[in-house]
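Grab a coffee and open the structure viewer. Below are some short exercises, each followed by a worked solution.

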Amino acid sequence: MGSGPLARSVLASLVGLSLAGLPAAGFAQGAQENTSAGKRWEEEFSFWQKASSGNDLAQYERYLKQYPTGTFASMARLRIAELQAAAKTKDAQAATDDAAAKAKADDTAAAEKARAEEEARKAEDARKADEARKAAEAGKAKADEAARKAAEAKKAADEAARLKAEAEAKKAEEEAAARKLAEEKAAAAEKAKAEAAAAEKARAEEAARLKAETEAKEAAARKLAEEKAAAAEKAKAEAAAAEKARTEEAARLKAEAEEKQATARKLAEEKAAEAERLKAEAQAAADKAKAEEAARLKAEADRRKAEEAAAAEKARAEQEAAARRDAEAKRVEAEKAAAAEKARIEQEAAAARKLADEKAAEVERLKAEAAKAAADAEAKAAEAARLAKEAEKRAEEAAAARKQAEGGAAAANAGKAEAAGGQDGGVAARKAEDARREEETFQKAVLDGSEKAFRAYIAAYPNGRFLADARERLAALSKAKPPETGAATADTERKAVEQPVVDPREAYMDRSLRAQAQRWLSALGYNTYGADGVFGPRTRAAISAWQGASGYRTSGYLTRQQYRVLREAAQYAEARQTRQRRYQRQREYDMLEGPVDGYYDGPYYRDDGYYNRRGGVVIIPGY
């Protein structure tokens, strides 16, 4: 009996009602209260989803404990009643199963006991039958012995007459003994018969007792089955009651929802009526203003007719009329400018939204590029290490050159001491300048990264200090390039110039981001002489200048943080330029961004003047 669909439907109804019945004015006035209420509603709804996702009674009880008057309190109580009824039904079923198992065990024990008693009875009967057989065999042996003795007596009668009487007497005694034995046998048979009858009676009594016990057990089982059926009926009745309670709760919730809908409709009708009333009042106020304006115009016409009688009054009236016309023209122009500004603001808002979308796409693209850069980081790590080694080598060579230059300078000073006006010092200075120019040319070739740049360095300095490094780089570029001839070679050199070797510090930027950085630098006043996405000497110089002005080390390479700072600075500069353009447009209409000192102190903005300080028009009698 899941309550998920019912909860979701009731929730959707309540949310729909709350949204439909919330007036706009109330929403505007109670934004903060609605925010906190919305947060509480989200917490309660999250708790209810967690509780209603399973059949844990403790979850529903915790929900009721935390939200005793919550939106889903009635549903939680209904669900608790259902779970308790199901638990009672389960306990009754378990008790019934236990009773049946106990009855079955008792029946098994009784049958086992009866079987054991039957086996004991059979063993006793076998023992008694064995004793009777043994007694019969003993009687037969005695009869055989009597026959043998009779034969011997007959034989003795033939042998001696003297012994005849004794034999007859003995025979009589033997017959008496035989009769006595027969009587004893009869008595034993009667006794065995009586014992058999007693045993039969005992078996009958035992069977009657077992039958009575069996009937008692059957009666107990029937009673237990009746109790089980009664428990099942009770559980069914409780389940029906729970279902009825749930139905009643659903009906109540539906009634509450309908009542809320009716309240919302009534509130909407009241709001519509209020809006109609306000509209009627606004129309009446507009009509009244039109009538007053017509009356004012009529009074002004009368005033003009009266002023025609006096020249001075007429001149003053014409001057005031001209001033009013100028003010009206300025007001119309101001309204036009405000409309244009509003349209421009809307366009800027649309452009800002578009820029936000583009920035989101740029962020996604940057993420993809970051993943690609991470994949290429290992490949570029070796290049970075090699560049570091080369930088160390160049530093050592530069140090050696400086030492050589210092030695040359020392020698020049010594020569100068020996002969004033010697030329050794000038030669050392020229050598130092040549070394500086050579290093600068080689650095430019490294930044360019093309074969053409390295070949130009080798041609300019065939015995230069960086000749081995330049040849090594040139060989690496030649190996990386497939064999080409003619126009293909020229095209490859052009591509090498357009796509130079990327420094690891700027691996996060593609060509479009580089072009954007060039545009931002130019907007900030650091001209890069174009935005082609290639960081040449001019762009590096612009980056160094911006880094120095912004407090960074002038390396000529943009890190990620510096790129973000450059973007923010350029956006601020663009916004400032936009405000300046807007200010210039306002200057064309004699309007400024803010009030000028003393502007509202003129004759037209006094409380008794043509315009009052509250922005309304004052009709001065006598005009």
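**Exercise 1: Confidence first**

Over residues 483-490, how many contacts beyond four places in sequence does the model have?

Solution. Keep in mind that this is a predicted model. Step one: check the confidence, and you'll find that pLDDT stays under 50 over residues 483-490. Step two: count the contacts beyond four places in sequence, and the model has three for that stretch. Step three: try residues 609-623, where pLDDT also stays under 50 and the model has 30 such contacts. Step four: decide how to treat coordinates like these. Where pLDDT is low, predicted coordinates shouldn't be read in detail. For the whole protein, the average pLDDT is 76, and 76% of the residues score at least 70.

**Exercise 2: The overall make-up**

Work out how many helices and strands the protein has.

Solution. Start with the tally: 14 helices and zero strands. Reading from the N terminus on, you get α-α-α-α-α-α-α-α-α-α-α-α-α-α. Next, look at burial: 19% of the 623 residues are buried. Last, take the contacts with a separation of 6 or more: 54% of them involve residues 24 or more positions apart.

**Exercise 3: Three stops along H6**

For Lys164, Leu210 and Glu307, find the helix and then sort each one as buried, partly exposed or exposed.

Solution. Begin with location: Lys164 is in helix H6, Leu210 is in H6, and Glu307 is in H6 too, which covers residues 164-307.

Now go one by one:

- Lys164 has a relative accessible area of 46%, so it counts as partly exposed. Its C-alpha atom is 8.9 Å from that of Lys154, ten residues apart along the chain.
- Leu210 comes out at 21% relative accessibility, so it is partly exposed; the cut-off for buried is under 20%. Setting aside neighbours within four places in sequence, Leu210 is in contact with Ala114 and Glu117. The C-alpha atoms of Leu210 and Ala111 are separated by 9.3 Å, though the two are 99 residues apart along the chain.
- Glu307 has a relative accessible area of 3%, so it is buried. Beyond its neighbours within four places in sequence, Glu307 is in contact with Glu313, Lys314, Arg316 and Ala317.

**Exercise 4: How H12 meets H13**

Describe the packing of H12 and H13, from geometry down to residues.

Solution. Step one, the geometry: H12 (residues 511-523) and H13 (residues 537-550) pack at an angle of about 60°, and their axes are 11 Å apart. Step two, put a word on that angle: H12 is oblique to H13 because of it. Step three, the handedness: H12 passes H13 in a left-handed crossing.

Step four, who touches whom? H12 brings Arg514, Gln518 and Leu521 to the contact, while H13 brings Thr539, Arg540, Ala542, Ile543 and Trp546. Step five, sort those residues by character: four are nonpolar, two polar and two charged.

**Exercise 5: A positive phi**

Where is Tyr529, and is it buried or exposed?

Solution. First place the residue: Tyr529 is in the loop between H12 and H13. Then check the accessibility: Tyr529 has a relative accessible area of 57%, so it is exposed. Finally, look at the backbone: phi of Tyr529 is near 55°, a positive value in a residue other than glycine.

How values were computed
Residues are numbered from 1 along each chain as its sequence is written. This is a predicted model: local features need pLDDT of at least 70, side-chain atom pairs count only at pLDDT 80 or more; totals for chains, interfaces and linings use all residues. Side-chain values use heavy atoms; hydrogens and water are left out. Axes are lines fitted to C-alpha atoms, for helices over the stretch in contact, and angles run from 0 to 180 degrees between N-to-C directions. Helices (H or I, at least four residues) and strands (E, at least two) are DSSP runs, numbered from the N terminus. Angles under 35 degrees count as roughly parallel, over 145 as roughly antiparallel, 65 to 115 as roughly perpendicular and the rest as oblique. A crossing is left-handed if the near helix is turned anticlockwise from the far one by less than a right angle, and right-handed if clockwise. Contact means heavy atoms within 4.5 Å. Ala, Val, Leu, Ile, Met, Phe, Trp, Tyr, Cys and Pro count as nonpolar, Asp, Glu, Lys and Arg as charged, and the others, Gly among them, as polar. Buried means under 20% relative accessible area, exposed over 50%, partly exposed in between (1.4 Å probe, protein chains only). pLDDT is the predictor's confidence in each residue, from 0 to 100.
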